[in-house]
Structures are given as C-alpha cells and as structure tokens.
Amino acid sequence: MNTVVCLKQVPDTETLIKIAGTTIATDGIKWVISSFDEFAVEEAIRQKEKMNAGKVTIVSLGPDRAIESVRTALAMGADDAVHINDGAFYDKADPYATAQVLAAAIKGLTYDAVFLGKQAIDDDASQVPAMVGELLGLPVVTQVIKFEAAADKKSATVTREIEGGQMVIDVPLPAVFSAQKGLNEPRYASLPGIMKAKKKPVDVKNAGGLGVSAGPMTVIKEMSLPPARQAGKIIAGDDAKAKAAALAKALHEEVKII
Amino acid sequence: MAGTLIYAEVQKGEIKKGAFEIASKAKEFGGEVSACIIGKGAEALAGQLAKYGADKIYVVDGPEFENYVPETFVQAFVQVAKTVQPSVIFCSASAQGKDFAPAMAARLNVGAISDCVGVTKEGDKIIAKRPLYAGKAYAMVEAVGSPQVISIRPNALGAKEVAGAGAVEKVAVSLDAGKIKATVKAVEVAATTEPDQTEAEIIVSGGRGLKGPENFKMLEDLAKLFGPTATTGASRAAVDAGWRGHSYQVGQTGKTVSPNLYIACGISGAIQHMAGMGTAKVIVAINKDAEAPIFTKADYGVVDDLFNVVPALIDEIKKIKG
C-alpha cells in the first residue's frame, strides 16, 4: 500500500511560549514532529509492513529546520519525502494556504491513502486534513482511532472518534485520514534506521514550483499571552476531613457552585 | 451580501447549546441572522432557534441526514449558503463542527478561523480571538475572503433569549450521490449523560496520584454530585498508564477545556496540562506534594492525601446539599 503522510514540525510541548510581534520567539525551542502526525507516520509504516509492499512518502511544509523532523520520519521507516521549503507560506501559518500547497505536492504522487495528524499542536486549527481532502476531491475521515485496509486496497474500514462514542465507516480508497491519539503507539527510530534515513531521497520544492500562488485567507493581527494565574489560598485544617469541610464550604459560599 | 448564517448542530435529537450561543452572537452583531439546521427530525426543533435571534431558519430534514457524514452535510449546507449569500458564517467548534467547518469553507473556496473564544466586529470585519499552543498564547485573527467562516468554542459565549419570531422554511437540497463515498456502518455512543469535557461546566480530573483505574470511581462519584453539567477528566500520565480512555485527556495533546470549576486530584500540573485547563474559572488542586506546580495556579489548594480528602469532600458536599 502506498501512502502519503503530511507532517508538521512544531515546538516541543514543554516549550514556554514567548511572543514576538505576530508570531512567537523561536530562540531555545526544541522542534519535534507534531504528536498527532507521529501517529500518522506510524500508521502509514504499519500499513506498508502489513501488506509487505508499497512505500511511505512524507510531505512537509516548513523552513530549513523542518528537514530534521522529516529525517526522523524517514528513520522510523518512511521511504522518501517532499519538503516544501517556502517562507511565503509557512511563515503565515494559514490552514487553507497550507492545504493548497500540500494538496499540490500530493497530486503528483501515487498513493492509496493520505494520513495527517488531526491537528498540529502549535496552531491547533484542525483544518488542514479536511481541506486537503476537499482540494484533492477525496473522501475524508477525521479523528481515526482504527484503520483497516482491504487486501485489494480498494477500500478501508475505519473507526473514528465522535462525541461520546465511535463511528465505524467504510470508505473507498484513495481517501484522506486524520489520526487521533489511540490509533497506535509510534515507534522510536532505530540506529540503523537513522543511518539509512540520511540516504533516503528528499525532494525540495517551493510553492511556485507546485503551481500554488494563492496567499493566506486569514491573517494574524496580534498575539498575546493569557493572563497569568496567581496562586490562591491553601486550605488549612488539622486533618484531611477538616480541609475537605473547609473546601466544601468555600465551593458553596465563595464559588457558589454547590 | 450581508448578514450571518449559522450552522445549528443537532445531536441526540436536540439542538446543541453551542448553536444558541452563536445565534445570540450573530444577533448582537446586527444584520439578518439566518440559521441552517440539518438532521433527521430537524424540522420539529427549528423553531427553537428563533428564540435566540434567528430571523430565518432553513431546515434540511430527511432520513439521509440521520448520521453526520461530512460530504452529505457540506453539500446541503453549501446549497443553503449559496441562497443566503451571508458575509459571515458561524459554526460551533464542537467535535462535529471541527470536522464540518474546514470542509465547508474549502468547498466555498475560503479559509476558516477555528475554535475561537471571542469575536468582535469592526465595520464589516470580524476579529476573532483564538488560542494557540492549547492556550499558551492567543491570536487575534481576521479573514481575508468572504464569507468569513468562523467556528466558536462551546461555552465561550453566552446564549441570550430574545423576543422575535423566525420564519422556518423547509429546503429541498439535491445531493450529488456520486460524491458521497463514505458509508456509516455503525455508531456506538456510550449511554452516559455526561457532557463532553470541552462543554462541561465542572470537571473532576485525576492524575498519576490516583494510582490505578479503579480509583476514578471516586472522582465519578464526586462529579455526579455537581449534576448533569459535570464530568471527569484525566492527565496524560493517567491516560498513558491506560487507566482512562484518551478521550478523557485534558492538556496540550488532549482536550482544551474551560469549565467553571476544575478539580485536579493527584495532578502535578505539567506545563502541557496547565495549558489545557488554564482558562477554567476556578481551579482546585488536591495533592499531597506541597511543591507540586499546580499549587502556583490553583485558586484553592488542599495539601493532603487525595484518598482521604476526596471521600470526605463527597460527604461534606452531600451534607450541604442536605
């Protein structure tokens, strides 16, 4: 089975965000694969291994540093990659423009399925998977927690998370899938994998070369940090029971929630 | 082109509260407010939207709309949108809305601004405030194209009843069956009446300090005392240990929540967790480790063993409630 995985490089979740104009200060940030994209990479590799055939192509939009995350995915077991290194696009971080670039890069490839993370954990937009599907004219199933392709690769049966439950869907391939936590447990890259990854082909492109000229459809005007929370009061009491009583009283009289 | 079109989501035979919230906001902004409600049996519900400011309510009803399938719903909505020609489209950023809004926007060939927690109007432009990095930062965002498609987080805005009678119109849409390729085989929804964490008003959450899956029962008991708007949550540590399903996870790689009350039991307060619940109105932390970072953000802290505090708290709340 041939698959394409869209991957975004994002700041590690440990990062303390600092604002710089309409973006964030990038000094000292450790960059990693967005965690939901890791599930996407893992699922694609598993499908290839299961069928013992096909290849996994990584497509990533990002600056020079994004190549490190692309190589990590190649070290996990992906076969080759397209790196769209175009500042006019990744700087603006707009989901529709991103989807247009990714879709244009995917159009030239051969694939049975496209996997993406359900959202990137930096801008949290949750938009790109549905938009890529729309632009490719393919069905989309988001929030996938179980994926099973038919042996003939003509269809897949997938389970997606819905509010308060699950939905099982049959969908013809090719189609676009967004990965939710629970889909799998991503592997770590092995040392031989890391060595091999260095020699795997990465095709570097820009948006113009893909025929995409449309700019972002949304613009960030201003960024801010949330108001800092202050430590409140520590409930005093002789024992757990007394503290619990004081807390219940505060919730009743001050918070007025009971 | 003028006015606002809202997408009113139906679940379990009822209009979701988020639909009333976005209708109220549209009404406040002025101009004609249209609503589009899609679902099997939606016609019987449509009138409720008038109470929250919808002037005109378009109903798409029929057996083919029993389950939410993005392609079916997008086709139906886009046909209504082409009739209405709104300058703004509001959706709720619920689980379904997050799937629906970007697909619908792309079909209209515009961008979308998702999961906003506030919207203001400057002339014809909507300025939307949305969290990034699960709430570690906020951005003010403006749409370039038209219509401006904006999804708004449930609970972020209030719903307000107004006097007025909206006209309900049943719309017949023609679906392009060739494009509807996905088929729903089964839907399993848990019999719980608990709200989703993102929409709950009270969350009792547990972390590594819970020591095992069986102890979440105690948190469920506590949550139940707060009524039907309360639910339970979990830290990543508890989810990764397999004690709780990942749909309970609160934090940067889980759900971002903003309840009125968040009770964190045995949760140390890692930066990723704090990002996900930092906008809760009131945070209570129960942890025996006085140095746990969560105490630097909590409004009320109880430094003690949660296995003694939580049962005692349940008893005390029962006493107050009589």
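D115(B) is buried in this predicted model, because 27 C-beta neighbours lie inside 10 Å. Its place is in strand β7 of chain B, residues 112–116. D115(B) is not a glycine, yet its phi is positive, about 55°.

**Other backbone features**

K211(B) also has a positive phi, near 70°, and is likewise a residue other than glycine. K211(B) lies in a loop of chain B, between β14 (202–206) and α4 (216–225). With 14 C-beta neighbours inside 10 Å, K211(B) counts as partly exposed. In chain A, N52(A) follows helix α1(A) and has a positive phi, near 55°.

Which peptide bonds are cis? One runs from L173(A) to P174(A), with omega near 5°. P174(A) sits in the loop between β11 (165–172) and β12 of chain A. Another cis bond runs from S146(B) to P147(B), with omega near 0°. P147(B) is in the loop of chain B that joins β10 (137–143) to β11 (148–152).

**Chain A overall**

Chain A holds 7 helices and 15 strands. Its C-alpha atoms fill a box of roughly 65 × 45 × 40 Å along the principal axes. Of the 258 residues in chain A, 51% are buried. Contacts in chain A reach far along the sequence: among those between residues at least 6 apart, 70% join residues at least 24 apart.

**Two helices of chain A**

Helix α1(A) covers residues 35–51, 17 residues in total. From first C-alpha to last, α1(A) reaches 25 Å, close to the 24 Å expected at 1.5 Å a residue. The buried residues in α1(A) include F36(A), F39(A), V41(A), I45(A) and Q47(A). Charged side chains are on that list too, among them D37(A), E38(A), E42(A) and E43(A).

Helix α4(A) covers residues 95–107, 13 residues in total. α4(A) reaches 18 Å, close to the 18 Å expected at 1.5 Å a residue. How is α4(A) placed in the structure, and why? α4(A) is largely enclosed by the rest of the structure, because 11 of its 13 residues are buried. Its buried residues run through P95(A), Y96(A), A97(A), T98(A), A99(A), Q100(A), V101(A), L102(A) and A103(A), with A105(A) and I106(A) besides.

**Helix packing between the chains**

Two helix pairs join chain A to chain B.

| Helix in chain A | Helix in chain B | Angle | Axis distance |
|---|---|---|---|
| α7(A), residues 240–253 | α7(B), residues 306–321 | about 45° | 8 Å |
| α5(A), residues 128–136 | α3(B), residues 95–107 | about 35° | 8 Å |

What is the orientation of α7(A) and α7(B) to each other? They pack at about 45°, and are therefore oblique to each other. The crossing of α7(A) past α7(B) is right-handed. On the α7(A) side the contact is made by A240(A), K241(A), K243(A), A244(A), A245(A), L247(A), A248(A) and H252(A). On the α7(B) side it is made by N308(B), V309(B), A312(B), L313(B), E316(B), I317(B) and I320(B). The residues of this contact divide into 10 nonpolar, 2 polar and 3 charged.

The crossing of α5(A) and α3(B) is right-handed. Here A130(A), M131(A), E134(A) and L135(A) of α5(A) meet D99(B), P102(B), A103(B), A106(B) and R107(B) of α3(B). The contact of α5(A) with α3(B) has 6 nonpolar, no polar and 3 charged residues. Residues three or four places apart in an α-helix point the same way, because there are 3.6 residues a turn.

**Contacts across the sequence**

A175(A) is found in strand β12 of chain A, residues 175–179. Is A175(A) buried or exposed? A175(A) is buried, because 21 other C-beta atoms lie within 10 Å and the cut-off is 20 or more. Leaving out residues up to four places away in sequence, A175(A) touches A113(A), L138(A), P139(A), V140(A), V141(A) and A156(A). G133(A) is 42 residues from A175(A) in sequence, but 7.4 Å away in space, C-alpha to C-alpha.

V173(B) is found in a loop of chain B, between β12 (167–170) and β13 (183–189). V173(B) counts as partly exposed, because it has 17 C-beta neighbours inside 10 Å. Leaving out residues up to four places away in sequence, V173(B) touches V60(B), Q75(B), A76(B) and Q79(B). V173(B) and Q75(B) are 98 residues apart along the chain, with their C-alpha atoms separated by 8.3 Å.

Notes: Residues are numbered from 1 along each chain as its sequence is written. Chains are lettered from A and ligands numbered from 1 in the order in which they are written. This is a predicted model: local features need pLDDT of at least 70, side-chain atom pairs count only at pLDDT 80 or more; totals for chains, interfaces and linings use all residues. Axes are lines fitted to C-alpha atoms, for helices over the stretch in contact, and angles run from 0 to 180 degrees between N-to-C directions. Helices (H or I, at least four residues) and strands (E, at least two) are DSSP runs, numbered from the N terminus. Angles under 35 degrees count as roughly parallel, over 145 as roughly antiparallel, 65 to 115 as roughly perpendicular and the rest as oblique. A crossing is left-handed if the near helix is turned anticlockwise from the far one by less than a right angle, and right-handed if clockwise. Two residues are in contact if their C-beta atoms, placed from the backbone, lie within 7 Å. Ala, Val, Leu, Ile, Met, Phe, Trp, Tyr, Cys and Pro count as nonpolar, Asp, Glu, Lys and Arg as charged, and the others, Gly among them, as polar. The expected span of a helix is 1.5 Å times one less than its number of residues. A residue is buried if 20 or more other C-beta atoms lie within 10 Å of its own, exposed if 12 or fewer, and partly exposed in between; C-beta atoms are placed from the backbone.
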